[in-house]
Amino acid sequence: MSENIDTVLDTTPPRLGLLVLQPTPFCNIDCSYCYLSGRESKATMSLETLDLACQRVFASPLVDERLEVAWHGGEPLVVPLAWYENALALMAKRCPTRLRLEHRFQTNGLLVNDDWARFFARTKAKVGFSIDGPADLHDANRRTRRGQGTHERVMRAVRLLQDKGLAFHVITVLTERALDEPERLFDFYVQNGIREVGFNIEEIEGAHPHSSLVGRDIETKFRRFIRRFFELVWNAPNLLQVRELESTIGLLLANDPVRDEQNLPFAIVSIGHDGTISTFSPELLGAHHSRFDGFAFGNVATHQLADIEHSARFRSIGGEIQQGVEACKRTCRYFRWCGGGAPANKLFETGRFDATETMHCRLTRQAVLDEVVAGIEIHIKQPKVRNDGSYAGVP
Amino acid sequence: MSNQSDRRASLAQGSTIVSLAAVIACTFASDALASQSAAPPGEHELAARVATIVERIRLVDPTLLRNVPPELKVAQWRNR
């Protein structure tokens, strides 16, 4: 495969737009659907490793004017705030003047306090809370290692940021149980002043090899959920911004076929606490699979980003990912608006990167696109109400 | 349209309050063609259905198509 890699891989120069940094794999809670295998390890990234990471990334010609930095664990806030004070100062010092960094923290919220809130405000970091809706839905899966629910504590963090006027978004993991409750979820977000939400699904990935969402009957429920949520959002404009609806409409309006950043080498670069460098799906960082000897393509201590593309492992995995994208392009009617699916989901659902359809893409790409298109069509078809209450175009 | 520039500004800024879904909803709410030419759901292939929607938006407010933030034109990693 390696001799013709350039003819297989998409050779359009990518832009490195997202740097995922793992300050620690450790998480202070133990969600039932978590894909991370190393979340009991309390190892942390050293500032020396971070410094090397900055040097490698900032020296890359793939970086242009803007770089999103996602601090993603484990739970990133288990690393002391003082470490981040030093880390962001270091990054600012290393950052070229032409480059703007945007920091993001995805957190379970349990450790957020006034000091963290001030830090988020001062650094203009974007904060995402992981909240699965009302307490019973949330606490069914998002528990401490002692089995206690975490809803009350994350909602305390929500109120803290709201009191300080800080924006945040929420990511909700949808399990089968949540699919029956779109109205309750919508009301929960609105009543709690949550303005932006993204829906992830319970994925088959890494250390979580099962999902409550497997099965065609679940797909029907999932479609019903999206359809209903679209209606709720459409009928109450600007109360709630839903990432899936926004991004799907954006993809529909795009002139060119969509590409998926997870399928483009170096569009996303993930760096582990130990300096391990990976790319493609961030979930591959630290993951294990019987077909591959890991997904580390190098280490900041020894590799420039440019070195990585010459490694046999990178070429093998990159080639298989691109073959999967090509197979999607040949066989899937959704390809133009999808870009070939997520490599990590293909691997952990089917055992291969060159696979095509997965549960993940049926739900998060196909079903969402179908329901958004159908939802818009319904409103295009609806006769317009005249001022006198009659319908335009209807005798 | 009287609120055209407001919508463009909202799109360009990627506002956290004004959503694309809401902008499209407002577009069709004031669309004089809305009841005349839509294809029945399921009659066309997906591409044709999407093209119909896009064409309708183009007729009503072409600036919406030009001002979609670039990050919404790429399928993005969802854990952020």
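Strand 8 of chain A, residues 259–260, pairs with strand 1 of chain B in the parallel sense, and the pairing runs over 2 bridges. Within strand 1 of chain B, Val74(B) is the bridge partner of Arg259(A). The model in which this pairing appears is a predicted one.

Chain B itself may be described next. Chain B contains 4 helices and 1 strand, and from the N terminus on its elements follow the order α-α-α-α-β. Of the 80 residues in chain B, 45% are buried. Among the contacts in chain B with a separation of 6 or more, 62% join residues that lie 24 or more positions apart.

The strand pairing belongs to a contact between the two chains that takes 53 residues from chain A and 41 residues from chain B. The size of an interface is often given as the accessible area lost when the parts come together. Between chain B and chain A, the buried area is about 4300 Å², and carbon and sulfur atoms give 62% of that area. Three residues, Trp77(B), Arg78(B) and Arg80(B), supply 21% of the area that chain B buries against chain A, more than any other three residues.

Arg78(B) also takes part in a charged interaction: its side chain meets that of Glu244(A) in a salt bridge, with a distance of 2.9 Å from N to O. The count of salt bridges between chain B and chain A is 4. Polar contacts across the interface of chain B and chain A involve 14 residue pairs, with both residues at pLDDT 80 or more.

On the side of chain B that touches chain A, the elements that give two or more residues are helix 2 (20–29), helix 3 (46–60), helix 4 (63–66) and strand 1 (74–75). Helix 3 of chain B provides the largest share of this side, with 8 residues. By class, the side of chain B that touches chain A has 28 nonpolar, 6 polar and 7 charged residues.

One further position, in chain A, deserves description. Asn141(A) is placed in the loop between helix 5 (135–139) and helix 6 (151–163) of chain A. Asn141(A) counts as buried because its relative accessibility is 15%, and the cut-off for a buried residue is under 20%. When residues up to four places away in sequence are not counted, Asn141(A) touches Asp30(A), Cys31(A), Ser32(A), Tyr33(A) and Thr175(A).

Note on methods:
Residues are numbered from 1 along each chain as its sequence is written. Chains are lettered from A and ligands numbered from 1 in the order in which they are written. This is a predicted model: local features need pLDDT of at least 70, side-chain atom pairs count only at pLDDT 80 or more; totals for chains, interfaces and linings use all residues. Side-chain values use heavy atoms; hydrogens and water are left out. Contact means heavy atoms within 4.5 Å. Buried area is the accessible area (1.4 Å probe) that two parts lose on being put together, summed over both. A polar contact is a pair of N or O atoms within 3.5 Å; within protein, one must be able to donate a hydrogen and the other to accept it, and residues adjacent in sequence count only if both atoms are side-chain atoms. Ala, Val, Leu, Ile, Met, Phe, Trp, Tyr, Cys and Pro count as nonpolar, Asp, Glu, Lys and Arg as charged, and the others, Gly among them, as polar. Two strands pair if DSSP finds at least two bridges between them. Buried means under 20% relative accessible area, exposed over 50%, partly exposed in between (1.4 Å probe, protein chains only).
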